[in-house]
Amino acid sequence: MNPGLDLSKLTPIELRLQVEELLYAYADVLDNGLLDDWPPFFTSDCLYQIIARENYDRGFPLATMLCESQAMLRDRVTAYRQANVYSPRYFRHLISTVRIVGIESGIVSARSNFAVLQTLVDDKTRVFLAGRYEDCIVIDEGRLRFRQKLCIYDTLHVPNSIVHPV
Amino acid sequence: MISTAPDYRWPEAGSSRIPYWIYSDPAIYAREQERLFSGSSWNYIGFESEIPAPGDFKRTFVGERSVVAARDRDGHIHVFLNTCAHRGVQFCRHSHGNAKSFVCPYHQWVYDLKGNLVGVPFRKGVQGQGGMPEDFDLASHGLVKLKAETVNGAIFATFDQRMVPFRDYLGDSMYHYFTRVFDGRGIRVLGYARQIIPCNWKLMFENIKDPYHASLLHVFLVTFGLFRADQKSDVKLDPTGRHAVLVSRKGEQKATEGTAEMRSFKADYKLEDPRLLDPVKEFPDDATVVMQTLFPNVIVQQQSNTLATRQIIPRGPDRFELVWTYFAYTTDDEAMVRRRLRQANLMGPAGLVSVDDGEVLEFTQDGVKANPTMNGILEMGGRDRADTAHMVTEAAIRGFYDYYREVMGL
Ligand code: FES
Ligand SMILES: [Fe+2]
């Protein structure tokens with residue numbers, strides 16, 4: 001992408017646009033089934049969690065999905081493609097209320113809301129998960145990447161299974 | 001012509017057939033609530049460590065009925081119906097918390113931590129007018145109380161006040177496996193996962209009593225030898241057939257005579273980050289998987305180092321809530337806790353194994369609900385319910401239906 005990207009040289013508006021573009025590009029990849037392009041949004045030593053808000057708020061460490069490296073993200077992609085059984089579906093991510101909540105030693109902390117709509121066979125489109133992303137974003141190999149992405153979902157009961165990343 | 005109305009007669013072949021009307025019929029569902037969940041059964045409630053201090057409470061369900069488990073000032077645990085004795089309000093709306101007493105919001109009747117009614121506003125009237133009759137007795141208008149028993153940190157409750165002790169309810173063999181995991185060590189909750197699976201609750205039990213499917217459906221189990229039909233295994237039932245345990249020992253990712261018929265076996269499937277599958281031995285025996293189904297509402301899971309209870313809460317004939325409580329032992333070191341959390345990826349609503357089950361159970365409900373007069377076939381491994389030293393059997397499902405039919409009068 002842009003090898004010259006330097007966080008300290010960006011104005012707040014520019015930074016915000018960069019982060020929004022990252023989030024929207026991320027949603028685009030997921031919603032269009034381009035899962036090979038999903039792991040490269042993360043650093044190699046990333047932490048990715050889909051975690052119930054109930055656990056997060058109460059300090060319970062359990063995540064519904066936990067990936068502790070980019071390699072584990074790729075393992076999830078392989079499982080989605082080759083291992084798991086599920087009915088066909090569409091996803092649609094709606095991401096809003098993007099806010100930069102801090103920058104410290106080259107790490108941008110950003111928070112945003114998400115709603116994921118799921119469309120299943122023989123059914124209407126329904127809200128699948130709603131919640132917020134808590135992201136730590138860094139510059140890695142000249143592009144913005146998630147070093148940490150927490151997908152904290154409010155939804156008390158997951159409608160059946162999370163077969164696909166959020 | 002095929003009739004679509006059930007006649008409530010079980011097929012003549014007995015428990016080797018399952019009539020599909022039992023998965024969707026509202027009258028059957030209502031009878032299950034009454035005879036199974038509210039009948040003579042010990043229902044899983046949770047762990048003592050979820051309510052460690054006086055006043056701590058947890059809200060949960062026995063069948064569809066909401067109950068509260070609370071610890072009183074003397075440290076005793078009480079389980080009572082979350083339904084006000086006055087007009088039926090479900091007064092407790094928080095999943096957990098700490099309370100001195102429970103006050104129903106509607107007319108503010110007050111209950112203590114044992115479920116006794118201790119206060120009724122305007123009982124003596126206001127300015128000499130109104131009030132409850134003189135002979136209104138607080139003591140006889142408490143909440144409906146369940147009988148509770150704790151077993152090595154796990155709480156069970158029943159509506160049947162004359163229920164036999166939990167140990168007798170399980171029988172020796174099932175009690176052995178239960179106390180293998182709940183061996184008296186402290187239980188540390190790692191977190192919860194909750195999902196709604198759109199199928200009849202019994203299908204979840206059948207799934208965990210059915211080792212036959214695991215070697216065919218689950219690429220993860222089959223490929224990595226986590227649970228596979230060609231490994232040394234056991235299927236055991238209690239004398240009534242209502243409880244069961246599936247036991248197995250880990251094998252390897254290599255083709256055997258048995259894997260030939262397993263389309264799910266993938267010899268070249270690899271994990272890029274193998275930390276996910278890094279189990280360590282932690283129990284005295286050599287079993288690496290023990291899946292126990294305890295009638296009527298809980299599954300106790302040990303798969304490698306991931307431990308969990310899965311509580312079944314029916315939500316109508318065609319869906320149920322599955323509550324996973326993942327736990328560790330208080331004596332675990334940090335590395336073991338991390339290992340358990342990592343292996344938790346195998347199970348739960350996003351589990352590399354259990355996603356397959358949730359989906360297939362939904363497909364099952366879609367098939368059976370439209371065809372209530374058809375029957376399922378349960379003949380793998382014969383037609384009886386004897387224990388076996390292999391997993392090519394549906395004996396544990398047949399055992400479940402032997403007991404089910406007896407209690408349901410079917
Ligand atoms: S309904 Fe609970 S106090 Fe009246
Ligand atoms: Fe399964």
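This is a short walk through a predicted model with two chains, A and B, covering the chains, then the helix contacts, then the empty spaces.

I'll start with chain A. It has three helices and seven strands. Read from the N terminus, the order of its elements is α-β-α-β-α-β-β-β-β-β. For 166 residues the globule rule gives 15 Å, and the radius of gyration of chain A is 16 Å, so chain A is as compact as a globular protein of that length. Its C-alpha trace spans about 50 × 35 × 30 Å along the principal axes.

One backbone detail in chain A is worth a look. A:T97 has a phi near 55 degrees, which is a positive value in a residue other than glycine. You will find A:T97 in strand 3, residues 89-104, of chain A.

Now chain B. Here there are eight helices and 19 strands. The chain has 410 residues, for which a compact globule would have a radius of gyration near 22 Å; the value for chain B is 23 Å, which agrees. Along the principal axes, the C-alpha trace of chain B spans about 85 × 65 × 35 Å.

Chain B has a backbone detail as well. B:F295 and B:P296 are joined by a cis peptide bond, with omega at about 0 degrees. B:P296 sits in the loop between strand 15 and strand 16 of chain B, and strand 16 covers 298-303. Please keep strand 15 in mind, as I'll return to it.

Next, how the helices of chain B meet. I have two contacts to show, and helix 8 of chain B takes part in the one with helix 3 and in the one with helix 1.

Take helix 3 first. Helix 3, residues 201-208, and helix 8, residues 395-408, both of chain B, have axes that come within 9 Å and cross at roughly 140 degrees. These two helices of chain B are therefore oblique to each other. On the helix 3 side the contact is made by B:W201, B:K202, B:F205 and B:E206, and on the helix 8 side by B:I397, B:F400, B:Y401 and B:Y404. By class, that contact has six nonpolar residues, no polar ones and two charged ones.

The other contact is with helix 1 of chain B, residues 26-37. Helix 1 and helix 8 of chain B pack at an angle of about 90 degrees, and their axes are 10 Å apart. Helix 1 and helix 8 of chain B are therefore roughly perpendicular to each other. From helix 1 come B:I28, B:R31, B:E32, B:R35 and B:L36, which meet B:Y404, B:V407 and B:M408 of helix 8. The residues of this contact divide into five nonpolar, no polar and three charged. Note that B:Y404 appears in the contact with helix 3 and also in the contact with helix 1.

That leaves the empty spaces. How many cavities of 30 Å³ or more are there? The count is five.

The largest cavity holds about 170 Å³ of space. It is lined by 18 residues, and B:I208, B:H213, B:A214, B:L221 and B:M291 are the closest to its centre. Helix 3, helix 4, strand 15 and helix 7 of chain B each supply at least two lining residues. So strand 15 returns, as does helix 3. Helix 4 of chain B has the largest share, three residues. The lining divides into 10 nonpolar, five polar and three charged residues.

The second largest cavity has about 90 Å³ of space. Its lining has 14 residues, and nearest the centre are A:M65, A:R76, A:Y80, A:V163 and A:H164. Helix 3 of chain A, residues 70-83, gives the largest share of that lining, four residues. By class the lining has 11 nonpolar, two polar and one charged residues.

Last, the largest pocket. Its space is about 640 Å³. Which residues lie nearest its centre? Of the 25 lining residues, they are A:L120, A:D123, A:R126, B:P198 and B:E362, so both chains are represented there. Strand 4 (107-120) and strand 5 (126-140) of chain A, along with helix 7 (354-369) of chain B, each supply at least two residues of this lining. Helix 7 of chain B gives the most, with six residues. The lining divides into eight nonpolar, six polar and 11 charged residues.

How values were computed
Residues are numbered from 1 along each chain as its sequence is written. Chains are lettered from A and ligands numbered from 1 in the order in which they are written. This is a predicted model: local features need pLDDT of at least 70, side-chain atom pairs count only at pLDDT 80 or more; totals for chains, interfaces and linings use all residues. Side-chain values use heavy atoms; hydrogens and water are left out. On a 1 Å grid over the protein atoms alone, a cavity is a set of points where a 1.4 Å probe fits but cannot get out, and a pocket is an open set with protein on both sides within 12 Å along at least five of seven lines; lining residues have an atom within 4 Å of a point. Grid points are joined across faces, edges and corners, and a volume is the space filled by probe spheres set on the points. Ala, Val, Leu, Ile, Met, Phe, Trp, Tyr, Cys and Pro count as nonpolar, Asp, Glu, Lys and Arg as charged, and the others, Gly among them, as polar. Axes are lines fitted to C-alpha atoms, for helices over the stretch in contact, and angles run from 0 to 180 degrees between N-to-C directions. Angles under 35 degrees count as roughly parallel, over 145 as roughly antiparallel, 65 to 115 as roughly perpendicular and the rest as oblique. Contact means heavy atoms within 4.5 Å. The radius of gyration is taken over C-alpha atoms; the globule rule is 2.2 Å times the number of residues to the power 0.38.
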